[in-house]
Amino acid sequence: MPGTRSAVPVPLHTNGGQRDLTEEILEAVDQSEHVATNEAFPQIPQGEIKAALDRLASRSMVEYETKDNEEVILTEEGQTIADEGSHEYQIWDAVQKAGRLSDKDLGAHPASKFGRGNAIKAKWIKKDGDGWVSLAESVTDHTRVQLQHVQQHHVMQDPKQQKDYTKRKLITTRKVITYVARKGPRWAKEMRIEVTDLTAEMIADGSWKTANFKPYNFNAKGTLGGEGAGGGTGALHPLNKVREEFRKIFFNMGFEEMPTARFVDSGFWNFDALYVPQQHPARDLQDTFYVSDPPEAGPPGPDPEFDTILASMDVDDDQDESDHPTLDPAARAKDTTSKLDYTKYYDNVRAVHQDGKFGSIGYRYPFKDDEPKRLVLRTHTTSISAYVLHRLSANPRPCRYFSIDRVFRNETVDATHLAEFHQIEGVIADYNLTLGGLQAFLKRFFRNIGVPDLKFKPAYNPYTEPSMEVFAWHEGLNKIVEIGNSGMFRPEMLLAMGLPPDLRVYGFGLSLERPTMIKYGISNIRELLGHKVDLGFIEGNPAVRLDRE
Ligand code: PHE
């Protein structure tokens with residue numbers, strides 16, 4: 001399976017066979033709350049243990065602490081005593097076995113130098129005339145027992161004794177690193193396959209729900225902000241740079257920015273409010289991504305978050321300020337909402353589709369109330385413009401709004417098309433606007449981004465009449481190309497919202513990707529967006545000025 005990583009065993013050789021140390025550790029941690037690795041795996045080098053623990057800890061299956069311990073070990077001489085008995089024991093043993101040992105023979109015994117005195121002190125032997133005899137049938141060789149204990153457990157209970165043995169050079173200490181492992185927050189007894197990529201197949205077959213995703217390692221060097229090869233800086237994506245240029249141009253031309261944090265919208269705002277007929281091919285599955293969970297949207301209504309953002313921009317608006325000099329944006333948002341009747345608006349939209357209203361003869365088909373409730377990945381940001389224009393009916397006035405954000409279309413992906421792109425959209429509301437005024441505005445707008453000489457072609461949008469596609473000369477391609485779409489919103493759209501008849505609204509839209517690709521000389525959109533983008537390109541590309549070549 002692509003994008004997955006299975007357990008890579010850390011090999012451990014026992015009896016010529018292969019064991020997986022990670023499995024051993026999981027087994028041990030499963031059985032006891034705290035596993036001291038030096039006790040559980042005394043034969044395995046700590047380096048191997050650490051590698052296995054790290055693998056488990058990176059998946060949060062196991063947690064561990066490192067302990068700097070001191071361990072008591074036997075010297076060579078201590079080892080001999082543990083194996084053969086203490087000097088005093090050897091002396092007693094020799095006397096006991098012989099029954100009686102002459103002074104000369106005892107003195108010749110290799111252990112006599114250190115052992116004789118202690119054997120006498122312990123009352124194991126005594127002088128008998130000119131020889132030595134045993135005083136005990138059997139003796140317990142405490143030194144040997146204690147050293148054997150050290151050999152097995154690497155500790156000494158009695159510190160005085162430890163000091164004594166250290167002085168006698170029977171024992172010494174060494175530093176050891178040990179690990180204490182326990183269950184982690186994502187404990188599992190088995191090493192599950194970790195998934196590193198979310199794929200289309202996983203979404204389609206539902207396996208993403210149970211997949212075990214490998215967490216991102218944000219501390220890895222050389223990536224975001226790391227000290228490694230990538231350098232410690234971030235970089236604006238070219239699309240963000242061009243987006244910023246467009247924002248400045250819009251702000252300079254007196255536009256306010258619409259909130260757009262609503263990728264999923266209802267069929268009502270994306271289609272019905274814009275008079276896209278309910279049978280229109282644009283609403284087909286082939287063209288639009290529908291969302292099945294949650295199954296449906298509620299009826300159109302106020303979005304308090306959007307309304308607060310919009311109200312905070314109204315602060316600069318003279319008319320509003322004198323209306324509500326004291327209220328904070330959230331309170332003003334509520335005040336505005338109270339003047340809006342969403343039910344009436346819905347009924348008006350429904351009536352225009354089905355029977356005609358506001359001078360329109362309508363489409364004259366039975367309007368289905370299910371369609372407006374369907375949730376879609378918005379196919380254009382005009383859904384947001386519709387919401388903002390309806391809100392405008394609470395306080396109709398000349399105003400200019402823009403947005404630049406992502407939209408989604410179920411397109412076949414190729415060098416110039418992705419299933420998602422960014423739309424730049426503007427709306428201008430004013431009294432008694434004319435089509436000539438829209439052309440003049442578009443010429444000014446595109447001159448600001450370095451595109452002179454526009455051509456207009458009549459076009460069709462369900463929500464604008466008249467509509468115009470905007471064309472311009474493309475130096476690189478040496479031909480005239482389409483760069484945008486525009487129009488004047490239909491009266492039945494604005495009247496249904498409750499806007500006054502003489503307030504007219506221009507609308508226009510263009511993609512952010514097209515001017516960006518032209519400016520940066522990119523011919524394949526996949527070099528600009530998506531997982532194949534070269535980070536070097538993102539970090540290295542220059543700033544852009546739209547009005548300069
Ligand atoms: N929604 C149109 C598009 O997707 C752009 C547009 C917006 C056209 C507003 C007219 C008015 O291309």
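These legends describe close-up views of a predicted model.

**View 1. The shell around the ligand.** In this predicted model, 14 residues surround the ligand. Thr382, Arg409, Gln423, Tyr463 and Asn485 are the closest. By class, the shell holds three nonpolar, nine polar and two charged residues.

**View 2. Polar side chains at the ligand.** Three side chains are picked out here. Gln423 places a polar side-chain atom 2.8 Å from an oxygen atom of the ligand. For Arg409, the distance from a polar side-chain atom to a ligand oxygen atom is 3.0 Å. His380 faces another element: a polar atom of its side chain lies 3.3 Å from a nitrogen atom of the ligand. How much of the ligand does the protein bury? Taken alone, the ligand exposes 330 Å², and the protein buries 92% of that.

**View 3. Strands that build the shell.** Which strands each supply at least two residues of the shell around the ligand? They are β16 (420-431), β19 (479-489) and β20 (503-511). Gln423, one of the closest residues to the ligand, has a number within the range of β16 (420-431).

**View 4. The second largest pocket.** This pocket has a volume of about 640 Å³. Its lining counts 17 residues. Nearest its centre lie Val413, Leu418, Ala419, Glu420 and His531.

**View 5. What lines the second largest pocket.** One helix and one strand come into view: α10 (200-205) and β15 (399-408) each give at least two residues to the lining of the second largest pocket. How does this lining divide by class? There are 10 nonpolar, three polar and four charged residues.

Terms used
Residues are numbered from 1 along each chain as its sequence is written. This is a predicted model: local features need pLDDT of at least 70, side-chain atom pairs count only at pLDDT 80 or more; totals for chains, interfaces and linings use all residues. Side-chain values use heavy atoms; hydrogens and water are left out. A residue is near a molecule or strand if one of its heavy atoms lies within 4 Å of it. A polar contact is a pair of N or O atoms within 3.5 Å; within protein, one must be able to donate a hydrogen and the other to accept it, and residues adjacent in sequence count only if both atoms are side-chain atoms. Accessible areas come from the Shrake-Rupley method with a 1.4 Å probe; for residues, only the protein chains shown count as cover. Helices (H or I, at least four residues) and strands (E, at least two) are DSSP runs, numbered from the N terminus. Ala, Val, Leu, Ile, Met, Phe, Trp, Tyr, Cys and Pro count as nonpolar, Asp, Glu, Lys and Arg as charged, and the others, Gly among them, as polar. On a 1 Å grid over the protein atoms alone, a cavity is a set of points where a 1.4 Å probe fits but cannot get out, and a pocket is an open set with protein on both sides within 12 Å along at least five of seven lines; lining residues have an atom within 4 Å of a point. Grid points are joined across faces, edges and corners, and a volume is the space filled by probe spheres set on the points.
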